[in-house]
Amino acid sequence: MIQKKYNGGMIEVRDLVKDYGGFRAVDHISFSVAPGKIFGLLGPNGAGKTTTIKMLTTALEPSSGSISVAGHDPRREPDQVRRAFGIVFQDPSLDEDLTAAENMEFHGVLYGVSQPARRERIEGLLRFVGLWERRDAFVKQYSGGMKRRLEIARALLHSPKILFLDEPTLGLDPQTRNHIWGYVRDQSRVNGMTVLFTTHYMDEADKIADELAVIDQGKLIAQGTPASLKERSMKASLEEAFIAMTGHSIRDEEGTSVDQIRLTRRLWRR
Amino acid sequence: MNALYILWLRQVKRHARSRARMIGALGQPLPFLFAMGFGFGPIFQKARGTSYLQFLSPGIVAMPILFTAVFSGIELVWDKQFGFLKETLVAPVPRLQIVLGRILGGATVAVVQGFIMLAVCVAVGFRPVLGAAFAGAVLIMFLIALFFAGVGTAIASIVDDMQGFPLIMNFLVVPMFFFSNALFPMQSAPGPLQALARLNPVTYGVDGLREAFGGPFHFGLGTDAAVLGALVACVIALASRLFSKIQI
């Protein structure tokens with residue numbers, strides 16, 4: 001009966017809920033992303049975007065609701081789901097004591113990419129993100145932007161059907177942002193790759209997304225094409241529409257000890 | 001299989017590149033070797049008529065294995081904090097393989113540290129019998145390393161930051177070393193101490209090493225290896241269970 005609801009979407013989410021103790025981070029969210037589409041998840045800090053992505057990518061158990069990613073349930077068939085997607089996480093996820101090439105190699109082997117394909121794709125992707133010449137440098141010597149580009153190259157290494165991008169362009173210059181979004185769009189158009197992304201750059205979302213969903217305080221409050229969202233809130237830009245929908249107040253984000261350490265680390269780096 | 005290999009390789013590379021860690025692991029046993037080995041030597045000689053250095057060295061070889069292995073397991077906490085763990089957690093690889101790869105890698109570097117320590121012991125006068133039993137020594141070193149890498153991994157699976165690390169080292173690992181047969185002969189120890197040593201995995205490791213190096217032993221290599229082997233199986237099962245429950 002539940003299976004019936006999965007009417008062909010590459011990602012299907014129904015009544016998804018995540019509770020942390022007494023706090024409801026994700027509150028009955030439902031949406032569907034058709035194959036080959038680029039879907040943007042927008043929302044203020046702490047709205048539940050990252051939590052939703054974690055549940056879609058087998059990293060976090062939902063409290064209730066149903067998910068289908070590439071036709072599989074992350075809870076029951078995690079490995080099938082894992083094979084289907086690539087992800088760029090919001091926080092760093094590289095091994096800084098390895099070189100860029102080693103990080104790529106590690107990923108390729110874990111995902112079972114055959115050796116000839118691995119060699120070819122690693123070179124192609126590192127060239128694309130402009131890191132081929134620096135491939136043998138340790139990641140700890142990379143700048144923030146270079147690390148981000150490496151993570152994006154790595155996420156694409158196993159030619160995933162679905163790409164999750166959680167604020168992928170944070171801290172990147174406009175040239176790199178354009179370059180990467182251009183590539184993502186090409187992959188989506190040419191290879192039919194489905195993309196689900198989050199961003200705080202509204203101009204990006206406006207340009208790249210086929211469809212957008214706005215989440216606030218765990219609830220999905222609007223959904224539609226960028227044009228329809230602007231139209232509905234009668235605003236000229238997506239940014240104005242976004243603020244009209246989610247209000248002007250600045251949100252707090254609960255910080256865990258891990259977040260604290262990451263923050264401290266980031267500050268030290270500067 | 002490939003996943004296991006690449007996870008193993010990562011642990012080994014990280015360790016091999018960190019000279020500070022390789023040298024640091026030797027720093028702890030050296031004072032024991034020199035201060036106790038030479039300081040207690042004459043007394044031991046008078047009491048038992050044998051060399052204390054001969055007696056002590058297997059324990060000193062076990063020490064860096066113990067500490068390096070636990071630390072390599074605990075390293076999982078860094079991976080959690082610095083984000084790399086996410087990369088392995090969303091990969092289509094069975095959790096048992098991830099845990100095994102990590103533990104094998106950690107155990108390998110720990111055994112390497114053990115060999116370096118052995119060379120130091122030999123340099124200051126330890127004379128192991130290098131016969132067929134040497135293979136037994138390698139086996140025992142690996143079993144000690146696997147056990148403690150498993151313990152470290154199991155603990156790291158359930159804690160989220162390194163603040164508990166001194167607690168684990170000072171209240172678990174250091175006492176396990178001291179309340180084993182590493183520093184004193186078990187037979188001549190008072191009852192409670194002897195009982196404690198008997199329950200301690202380290203004792204079986206050191207006992208096995210003593211026999212393999214041609215020294216006096218208590219249980220015998222076969223028993224030592226069997227006990228450690230069983231413990232390794234249990235701790236790996238526990239570690240992979242706890243690891244598979246990690247959510248990020």
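How many Å should the 16 residues of helix α1 (residues 2–17) of chain B span at 1.5 Å a residue? Keep that in mind as we go through this predicted model, starting with that helix.

**Stop 1: helix α1 of chain B**

Select residues 2–17 of chain B. The expected span is 22 Å, and the C-alpha atoms at the two ends of α1(B) are 22 Å apart, so expectation and model agree.

Now colour Ala3(B), Leu7(B), Arg10(B), Gln11(B) and His15(B), which are the buried residues of α1(B). They take up an arc of only 120° around the axis, and therefore sit on the same side of α1(B). Turn to the face pointing away from that buried side, and you will find the exposed residues Ala16(B) and Arg17(B).

What lies over the buried residues? Show α2 (19–27), α5 (52–82) and α7 (95–123) of chain B, which are among the elements covering them. Then add α3 (100–110) of chain A, since the cover includes this helix from the other chain as well.

**Stop 2: chain A as a whole**

Follow α3 across and display all of chain A. You can count ten helices and nine strands here. The radius of gyration is 18 Å, close to the 18 Å that the globule rule gives for 270 residues, so chain A is as compact as a globular protein of that length. Its C-alpha trace spans about 50 × 45 × 40 Å along the principal axes.

Of the 270 residues of chain A, 41% count as buried. Among contacts in chain A with a separation of 6 or more, 66% come from residues 24 or more positions apart.

**Stop 3: strand β6 of chain A and its neighbours**

Zoom in on residues 162–166 of chain A, which form strand β6; five of its five residues are buried. Switch on the side chains: Ile162(A), Phe164(A) and Asp166(A) point one way, while Leu163(A) and Leu165(A) point the other.

Next, bring in the strands that pair with β6(A). Strand β5 (residues 85–88) of chain A runs parallel to β6(A) and is joined to it by four bridges. Strand β7 (residues 194–198) of chain A is parallel to β6(A) too, this time with five bridges.

Centre the view on Phe164(A). Ile87(A) stands opposite this residue, and in β7(A) its bridge partner is Leu196(A).

**Last stop: the crossover**

Finally, add helix α6 (residues 174–191) of chain A. Trace the path from β6(A) through α6 to β7(A): together the three make a right-handed β-α-β unit.

Methods. Residues numbered from 1 in each chain as written. Chains lettered and ligands numbered in written order. Predicted model: local features only at pLDDT ≥ 70, side-chain atom pairs only at ≥ 80, totals over all residues. Buried ≥ 20, exposed ≤ 12 C-beta atoms within 10 Å, placed from the backbone. Pairing = 2+ DSSP bridges. Right-handed = clockwise from strand over helix to strand, strands pointing away. Rg over C-alpha atoms; globule rule 2.2 N^0.38 Å. Contact = placed C-beta atoms within 7 Å. Expected span 1.5 Å × (residues − 1). Arc of directions from axis to C-beta.
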